[in-house]
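Student: I should like a close look at one part of this model, taken slowly and in relation to its surroundings. Please choose one helix and then follow the elements around it.

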Amino acid sequence: MTFKDFRATKIDVRIDLDRLFALDSKVAKASPTLLPLETKQELLKFLTVDHKTETWVWRDSEGRFIGYLSVIDKPTEQFMEVLNIGVDPEFQGKGLGKEMMAFAERTAAKLGRKKVTLVTNVKNKQAIGFYNALGYRITDKKPNYYGDGKTRYLFEKVLS
Ligand SMILES: CC(C)(COP(=O)(O)OP(=O)(O)OC[C@H]1O[C@@H](n2cnc3c(N)ncnc32)[C@H](O)[C@@H]1OP(=O)(O)O)[C@@H](O)C(=O)NCCC(=O)NCCS
């Protein structure tokens with residue numbers, strides 16, 4: 001199976017909240033360093049009020065959500081931030097995350113953004129390995145970045 005054939009679908013998180021929350025919870029449960037959002041309403045607030053995001057999902061052959069990507073476009077600062085990315089644990093390690101980040105970078109480039117940025121917990125070894133493999137570099141290390149006492153790395157990739 002190749003994920004190159006899989007299409008990204010832009011969703012309205014208000015309409016697809018149940019399915020998005022189910023996938024987000026499944027991903028968070030399998031990744032000890034992620035802080036799960038406890039309720040659907042918390043997830044909705046995170047993606048629409050705390051941050052103004054756009055969200056895409058990837059589906060399996062039966063239409064189930066298996067990957068999601070939420071980004072924040074920052075036109076005045078000329079970059080796009082990947083706020084959330086997750087792949088169903090059953091589908092991890094097969095190249096889908098890489099396709100999803102390539103999609104984010106194409107989207108940012110089409111909008112004329114100069115770079116893609118993201119933030120990750122310094123203990124999230126899986127994500128750090130993933131971002132390194134995709135050419136992202138650490139630009140800063142911030143204690144208590146989200147006010148939760150955890151230290152975060154700031155990553156970026158300058159788009160060519
Ligand atoms: C991080 C995540 C999105 C990666 O998606 P994925 O589909 O598993 O990743 P891919 O299979 O596309 O891997 C792409 C590259 O990253 C590398 N990679 C993936 N996981 C890695 C790890 N744990 N250590 C080192 N490298 C890793 C792969 O080797 C691959 O490199 P290659 O193309 O040179 O072979 C996924 O594992 C996930 O959902 N994790 C839980 C949620 C999370 O932590 N999100 C990030 C929050 S900041």
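Tutor: The account below begins with helix α1 and then turns to the strands and the ligand.

The model is a predicted one, and the description should be read accordingly. Helix α1 comprises residues 17-30. At 1.5 Å a residue, its 14 residues should span 20 Å, and because the C-alpha atoms at its two ends lie 20 Å apart, the expected and the computed lengths agree.

Which residues of α1 are buried? They are Leu20, Leu23, Asp24 and Val27. These residues cover an arc of only 100° around the axis, and they therefore lie on the same side of α1. The spacing follows a general rule: an α-helix has 3.6 residues a turn, so residues three or four places apart point the same way. Asp18 and Lys29 are exposed on the other side of α1. The cover over the buried residues of α1 includes α2 (40-50), β3 (65-74) and β4.

Two of these covering elements, β3 and β4, lead on to the strand pairings. β3 pairs with β2 in the antiparallel sense, over six bridges, and within this pairing Trp58 stands opposite Gly67 in β3. The hairpin of β2 and β3 has five residues between the strands, and in this hairpin Gly63 takes a positive phi near 90°. Strand β2 (residues 54-59) is also joined by three bridges to strand β1 (residues 9-11), and these two run antiparallel. Here Ile11 stands opposite Thr55 in β2.

β4, by contrast, pairs with β5 in the parallel sense, over four bridges. Met80 stands opposite Val116 in β5. Strand β5 itself occupies residues 115-121, and five of its seven residues are buried, so this strand is largely enclosed by the rest of the structure.

β4 also connects this picture with the ligand. The shell around the ligand draws at least two residues from each of β4 (79-87), α3 (96-110) and α4 (125-133). Which element supplies the largest share of that shell? It is α4, with five residues. In total, 20 residues surround the ligand, and the closest are Gln92, Gly97, Lys98, Gly129 and Ala133. By character, the shell contains eight nonpolar, ten polar and two charged residues.

To return to the helix, β4 is thus among the elements that cover the buried residues of α1, and β4 also supplies at least two residues of the shell around the ligand.

How values were computed
Residues are numbered from 1 along each chain as its sequence is written. This is a predicted model: local features need pLDDT of at least 70, side-chain atom pairs count only at pLDDT 80 or more; totals for chains, interfaces and linings use all residues. A residue is near a molecule or strand if its C-beta atom, placed from the backbone, lies within 6 Å of it. Ala, Val, Leu, Ile, Met, Phe, Trp, Tyr, Cys and Pro count as nonpolar, Asp, Glu, Lys and Arg as charged, and the others, Gly among them, as polar. The expected span of a helix is 1.5 Å times one less than its number of residues. A residue is buried if 20 or more other C-beta atoms lie within 10 Å of its own, exposed if 12 or fewer, and partly exposed in between; C-beta atoms are placed from the backbone. The arc is that of the directions from the helix axis to the C-beta atoms. Two residues are in contact if their C-beta atoms, placed from the backbone, lie within 7 Å. Two strands pair if DSSP finds at least two bridges between them.
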